[in-house]
Amino acid sequence: MPDGFLQSLSGFVSECSATLKSSVKLLLASRRATIGRSAEYRRPLIVLGNGPSLKENLLNDMDTLREHPALAVNFFANSPEFSIVRPRYYVLADPHFFTGGDSDENVSRLAANIRSASWTMILFIPASFRRHAAAFNGSKIEIRFFNAVAMEGFRWFEHLAWSRNLGMPRPRNVLIPSLMIGLSLGFKTIYLLGADHSWTRTLSVTDDNTVVSVQPHFYADSADEKERVSSVYAGVRLHQVMESMVIAFRSYHDIRRYAAHIGAQIFNATPGSMIDAFPRQQLPPAQS
């Protein structure tokens, strides 16, 4: 048989298998999502990753950040800039935020800061952690739910599942659900900041074969957070770390393809970002 035919057959079988597995996950793991549509969908959305480059944006682009709807993630609420930017949307995806609150002071402080927000903000958390929502619920907070469930397979199946918020490309990090939520909210233009993803520059292996993966943020991580991250990576092998990176970068290409399918554009405005999926474009200047 010609090699091309065998490759096509192999691809078809692989997509069949992925679609079947995702269908099972859809039945067992997907829950009712409540993302909805934003009233501001005609405006650009700015998604704020917490990479080190965001520090420059917070210094130089605050007028733009305050003028447009912004989406923040993870520990951004523990920074002084949280009450200045006043993000419209917030996404938490890591299970640690919902299972580590009793033992992690940073998570407890995060929940308290989100609860005390003095402006209307929509907080998105995985539907699988619905029972933990009360810890983040303040008088100005509206909590909505998304499915952090990987849906893969035939392209038509992926687009159908993603458009109905039953799942998404493999959610390796919080920016993947954040971008998908932005698209589900109806935004047609999204700018991505603080997405340095320069992990390969900080990846190393010690003489005792311990993998060290430093993931710096625009804020200084506390000693407790550094210790927690080190414990997460304890026993993780180098090939596992790099496989995880591959998943993340591949998911961005899946998101770019899906955005084009629904007539949306995502621009990477992060200087020096390692993400190669989205076209580069600077933030729009503030109008006022």
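Which residue in β6 does leucine 48 stand opposite? In this predicted model, leucine 48 stands opposite leucine 193, and that pairing is a convenient place from which to begin reading the fold.

The two leucines belong to neighbouring strands, since β1 covers residues 45-48 and β6 covers residues 189-193, and these strands run parallel and are joined by 4 bridges. Another position along this seam is valine 47, whose bridge partner in β6 is leucine 192. On another side, β6 is joined to β9 by 4 bridges, again with the strands running parallel, and here threonine 189 stands opposite glutamine 265 in β9. Strand β6 is mostly covered, with 4 of its 5 residues buried.

Seen as a whole, these strands are part of an open sheet of 7 strands, which pair in parallel and follow the order β5-β4-β3-β2-β1-β6-β9. The edges of the sheet are formed by β5, residues 141-146, and β9, residues 265-268, each of which pairs on one side only. From one strand to the next, the twist averages 25°. Helix α8, made of residues 175-184, packs on this sheet and touches β1, β2, β3, β4, β5, β6 and β9, while its direction makes about 160° with that of β6.

From the sheet we can turn to the aromatic residues. A search of the whole structure finds 14 aromatic pairs, among them the pair formed by tryptophan 156 and phenylalanine 157, which is edge-to-face, with 6.1 Å from centre to centre and 90° between the planes. The surroundings of the two residues can be read from their accessibility: tryptophan 156 counts as exposed because its relative accessibility is 57%, whereas phenylalanine 157, with a relative accessible area of 8%, is buried.

A further pair brings together tryptophan 199 and phenylalanine 249, whose ring centres are 5.6 Å apart and whose planes stand at 55°, so the pair is tilted. Because tryptophan 199 lies in helix α9, residues 199-202, and phenylalanine 249 in helix α11, residues 238-261, the pair ties together parts that are 50 residues apart in sequence. Tryptophan 199 itself counts as buried, at 13% relative accessibility. Elsewhere, aromatic residues gather in a group, for Phe76, Phe82, Tyr90, Trp119 and Phe218 form one aromatic cluster.

Aromatic rings in this model also have charged partners. Arginine 37 lies over the face of tyrosine 41, at 4.0 Å from the ring centre. Likewise, arginine 130 has its charged end over the ring of phenylalanine 145, 4.0 Å from the centre of that ring, and the residue range of edge strand β5, 141-146, takes in this part of the chain.

One last aromatic residue to follow is tyrosine 233, which lies in helix α10, residues 223-233. Is tyrosine 233 buried or exposed? It counts as buried, because its relative accessibility is 14%. When its neighbours within four places in sequence are left aside, tyrosine 233 is in contact with Arg172, Val211, Ser213, Gln215 and Val241. Threonine 270, by comparison, is 37 residues from tyrosine 233 in sequence and 26 Å from it in space, taken C-alpha to C-alpha.

How values were computed. Residues are numbered from 1 along each chain as its sequence is written. This is a predicted model: local features need pLDDT of at least 70, side-chain atom pairs count only at pLDDT 80 or more; totals for chains, interfaces and linings use all residues. Side-chain values use heavy atoms; hydrogens and water are left out. Two strands pair if DSSP finds at least two bridges between them. Axes are lines fitted to C-alpha atoms, for helices over the stretch in contact, and angles run from 0 to 180 degrees between N-to-C directions. Contact means heavy atoms within 4.5 Å. Rings of Phe, Tyr and Trp (its six-membered ring) pair if their centres lie within 6.5 Å; planes under 30 degrees apart count as stacked, over 60 as edge-to-face and the rest as tilted. Buried means under 20% relative accessible area, exposed over 50%, partly exposed in between (1.4 Å probe, protein chains only). A charge sits over a ring if NZ of Lys or CZ of Arg is within 6 Å of the ring centre and within 35 degrees of the ring normal.
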